[in-house]
Amino acid sequence: MTSGVLNLVLKRLAIAVVTLLIVLFAVFFATSMLPGDTASILLGQAATPEAVAGLREAMHLNDPAILRFLRWLLGLLHGDLGTSYANEMPVAALIGGRFVNTMELAGITTLLSVPLALTLGITAAMLRGSLYDRTVTILSIGVISVPEFMVATLAVLLFAVYLKWLPALSSVNEAHTLTDLVRIYAMPVITLTFVISAQMIRMTRAAVIETLSTPYVEMALLKGASRGRMVLKHALPNALGPIVNAVALSLSYLVGGVIIVETIFNYPGIAKLMVDAVATRDLPLIQSCAMIFCLGYLLLITVADIIAIMSNPRLR
Amino acid sequence: MARVAASPRSFLGHSYNLVGVVAALVILAWTLIAIFAPAIIPHSIGDIVDDDYFGPMRQGLWLGSDYLGRDMLSRVLMGARYTVGISLAAVAIACFSGVVLGMVAAVTGGWLDTCLSRFLDAMNSIPSKLFGLVVVAAVGSSIPALILTLAVIYIPGAYRFARALAVNINTMDFMTVARVRGESTAYLIGSEILPNIIRPVLADFGLRFVFIVLLLSGLSFLGLGLQPPLADWGALVRENIGGLPFAAPAVIIPSLAIASLTISVNLLIDNLPQKIRDRDT
C-alpha cells in the first residue's frame with residue numbers, strides 16, 4: 001500500500017469523525033427542541049414552581065445548550081449514556097440486552113442475505129437479458145419500490161396465514177428449544193433479507209455487467225475462454241471492489257429495515273426501544289439509540305468508501 | 001389499448017413504450033383521485049356502514065370494511081389526498097431548495113461550497129427513517145411539520161445531485177463568457193445552468209417523490225406520521241393491522257395503493273426516453 005492510498009484512507013477517516021460530530025450535534029439539538037419543559041414533565045402537574053426550578057438546576061437545564069452538549073459528549077466518552085426519564089434506569093442498562101438482540105437479528109440477516117444476493121446478482125448479470133435475469137430484476141425493483149412494512153405484511157400473509165408454517169408474532173423470551181428459536185427469528189429475518197437483498201442484487205448485477213463490458217473480458221471471450229471462466233477468472237476479481245462496496249452500502253439499509261421490522265414483529269431490540277422512547281418523549285434514550293444507529297450506519301458507509309479506495313488499482 | 005401497444009409510440013417528439021404509458025396513466029389516476037376525492041367517495045370516511053368489522057369485498061362495499069366497519073374504498077380514496085399531497089409538497093420544497101443551493105454552490109465555489117457540501121453530506125449520513133423519528137419527536141406530526149421534516153431530510157440528496165450536474169456545466173465556455181460579461185449569480189444559475197440540467201433534475205424529482213412516499217408511509221405506519229382521525233395509506237395499514245391474520249382487504253388494499261404509486265413512478269422514470277433520463281444532456 002503506497003502513501004497515496006494511506007493518505008486517502010486517513011482523509012476518509014477524518015471526514016467520518018467530523019461527520020460523526022455534526023451528526024451527534026444534530027441529534028442533540030433535534031431532541032432538545034422537544035416541546036415542554038423536561039423538569040415539569042418529570043415532576044407532574046402537581047409540582048410546585050420551586051421544585052421545578054430546583055430540578056432544572058440539578059439537571060443543568062439552565063445552562064446554555066452548547067455547554068450541555070459538551071457535557072453530554074464528555075459523558076459518552078466515559079461510557080455514561082445518561083438516565084432514562086421514563087423509568088429512571090441508566091440508559092446503558094436498558095440498551096445492553098436489546099443491543100445484543102438487534103445485533104443477532106442483523107447478523108443472521110447478513111449471513112443469509114449476502115450469499116443469496118451475490119449468487120442472484122452475479123448469475124443474473126451472466127445471463128443478462130434472459131427470462132431469469134428479467135424476473136430477478138423486476139422482483140428486486142418491486143421490493144425496493146414498496147415500503148418495508150408491506151414486505152413484512154406479505155411475508156406474514158404467506159407464511160403465517162396461508163401456509164401456517166410460522167407464528168405471526170415473535171417473543172424471544174418464550175424460546176425453549178431450537179425449533180422455537182428458528183420459528184421466532186424466521187419472520188423478521190425473512191422480511192429483512194428481502195429488503196436488504198433487493199438492493200444488493202441490483203448493485204451487484206450492475207457492477208458485474210459493467211466489468212463484463214470491458215475490453216479485457218472481450219479479449220478473454222475472443223481467446224475462446226468459456227463463459228464460466230470468463231466471469232470467474234476475468235470479470236469477478238475486478239468487480240470485487242464494487243461488489244464489496246455494494247454489500248456494505250446495502251447493509252446500511254438494515255438500519256431503516258430494523259426500525260419497521262422490530263415494531264411490526266414486536267421484537268425486543270433497540271429499534272423498538274427507540275420507537276417507544278419517541279412515543280414517551282424519553283430524551284436520553286432517544287439520543288443514545290439514535291447515536292448507536294448513526295454510528296453503525298457511518299461505520300458501514302466509511303468501510304464501503306475505504307474498500308472502494310483500496311480496490312482501485314489506479315490508486316494502489 | 002391495441003393502438004397503444006404498438007410501441008414505441010411517438011408523442012411530443014419523444015417515443016414512449018407501453019410500460020411507461022401504463023405507469024403514467026396510473027400516476028395520473030391517483031393524482032385525479034387525490035384532487036377530487038371528496039366528490040367521489042361513496043360514504044363519509046367516518047361513517048360506520050358495516051355491521052361487521054374487517055368485512056370482505058362485496059357489492060356496495062367494494063373494498064370491504066375496516067376495523068370499525070367503515071367503508072374502506074372511501075378511506076383509501078381520501079388517503080390518496082394525504083399521501084400524494086404531503087409527499088408532493090415535501091418533494092417540491094426539497095428539490096427546489098436542494099437544486100438552488102446546489103447550483104449556487106457550484107457557481108460560487110470556494111468556502112461556501114465546501115461548508116455547504118460538508119454540512120449537507122453529514123446530514124445525508126443520518127439514516128432517513130431515524131432522522132424522521134428524531135425530528136417528529138421534536139416538532140410533532142402536524143401536516144406542516146411533516147411536510148417540512150420530509151423536505152429537510154431529502155434536501156441533502158437533491159443538493160448533491162444538482163451540484164454534481166451544475167459543476168460539469170460550470171466548466172463550459174459559455175459560463176466563462178457569461179461571467180466575463182459580468183452577469184449576476186442569479187442570472188447564471190437561472191438562465192445558464194438550470195436550462196441545461198432541468199431534465200435529469202426532473203427525473204430525480206420523481207425518484208425523490210418515491211423515497212418521500214415510502215418514508216411518510218413508514219412513519220405513519222409507526223404511528224408517528226399523520227395522526228387520527230386523518231389517515232394516509234401508511235396509517236390505514238397501521239390501524240387495520242389487526243386484520244392481518246384473516247387476510248382482510250382493509251390491510252392489503254392500502255399497501256397495494258402505495259405499491260401501485262411508487263412502482264409506477266419508478267417504471268415511468270426507467271422508461272423515459274434516454275434523452276430525458278441521461279445525466280449529461
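The exercises below work through a predicted model of two chains, A and B.

Residues are numbered from 1 along each chain as its sequence is written, and chains are lettered from A in the order in which they are written. Because the model is predicted, local features need pLDDT of at least 70 and side-chain atom pairs count only at pLDDT 80 or more, while totals for chains, interfaces and linings use all residues.

**Exercise 1. Confidence**

Task: State which elements of each chain have the lowest and highest mean pLDDT.

Solution.
- Step 1. pLDDT is the predictor's confidence in each residue, from 0 to 100. Chain A has a mean of 79, with 85% of its residues at 70 or more; chain B has a mean of 83, with 91% at 70 or more.
- Step 2. Helices (H or I, at least four residues) and strands (E, at least two) are DSSP runs, numbered from the N terminus. In chain A the lowest mean, 62, belongs to helix 2 (residues 38–43), and the highest, 88, to helix 6 (residues 131–145).
- Step 3. In chain B the lowest mean is 40, in helix 1 (residues 2–5), and the highest is 91, in helix 3. Residues 1–8 of chain B stay under 50 in pLDDT.
- Step 4. For the complex, the predictor gives an ipTM of 0.78 and a pTM of 0.83.

**Exercise 2. Chain A and its record**

Task: Describe the make-up of chain A, then compare two annotated segments, 239–265 and 285–310, with the model.

Solution.
- Step 1. Chain A holds 13 helices and zero strands. Of its 316 residues, 37% count as buried; a residue is buried if 20 or more other C-beta atoms lie within 10 Å of its own, exposed if 12 or fewer, and partly exposed in between, with C-beta atoms placed from the backbone.
- Step 2. In an unreviewed UniProt entry, "transmembrane region" is placed at several stretches of chain A, including 239–265 and 285–310. Such positions are given in the numbering used here, feature names are shortened, and annotations may be inferred rather than shown by experiment.
- Step 3. Residues 239–265 of chain A are 93% helix and 0% strand, with end C-alpha atoms 37 Å apart. Residues 285–310 of chain A are 100% helix and 0% strand, with end C-alpha atoms 37 Å apart.

**Exercise 3. The two domains of chain A**

Task: Work out which helix supplies the largest share of the domain 1 side of the contact with domain 2 in chain A.

Solution.
- Step 1. The bounds, from an automatic or database domain assignment, are 1–86 for domain 1 and 91–311 for domain 2.
- Step 2. Two residues are in contact if their C-beta atoms, placed from the backbone, lie within 7 Å. Domain 1 contributes 22 residues and domain 2 contributes 21.
- Step 3. Helix 1 (residues 3–32) of chain A supplies 13 residues, the largest share of the domain 1 side.
- Step 4. That side divides into 14 nonpolar, seven polar and one charged. Here Ala, Val, Leu, Ile, Met, Phe, Trp, Tyr, Cys and Pro count as nonpolar, Asp, Glu, Lys and Arg as charged, and the others, Gly among them, as polar.

**Exercise 4. The contact between the chains**

Task: Identify the helix of chain B that gives the most to the side touching chain A.

Solution.
- Step 1. The contact takes 39 residues from chain A and 35 from chain B.
- Step 2. On the chain B side, helix 4 (110–124), helix 5 (128–139), helix 8 (185–221) and helix 10 (249–270) each supply at least two residues.
- Step 3. Helix 5 of chain B gives the most, with nine residues.
- Step 4. By class, the chain B side has 25 nonpolar, eight polar and two charged residues.

**Exercise 5. Core and single residues**

Task: Locate the largest nonpolar core, then characterise V210(B) and N266(A).

Solution.
- Step 1. A nonpolar core is a set of buried Ala, Val, Leu, Ile, Met, Phe, Trp, Tyr and Cys residues joined through C-beta atoms within 7 Å. The largest has 164 residues, and M274(A), I286(A), V134(B), L150(B) and A162(B) have the most contacts inside it.
- Step 2. Helix 3 (residues 72–108) of chain B provides its largest share, 20 residues. Domains 1 and 2 of chain A both give residues to this core, so it lies between them.
- Step 3. V210(B), in helix 8 of chain B, is buried, with 20 other C-beta atoms within 10 Å. Not counting residues up to four places away in sequence, V210(B) touches S145(A), T262(B), V265(B) and N266(B).
- Step 4. N266(A) sits in the loop between helix 11 (253–264) and helix 12 (270–280) of chain A. N266(A) is partly exposed, with 13 other C-beta atoms within 10 Å, and has a positive phi of about 55° although it is not a glycine. Most residues other than glycine have a negative phi.
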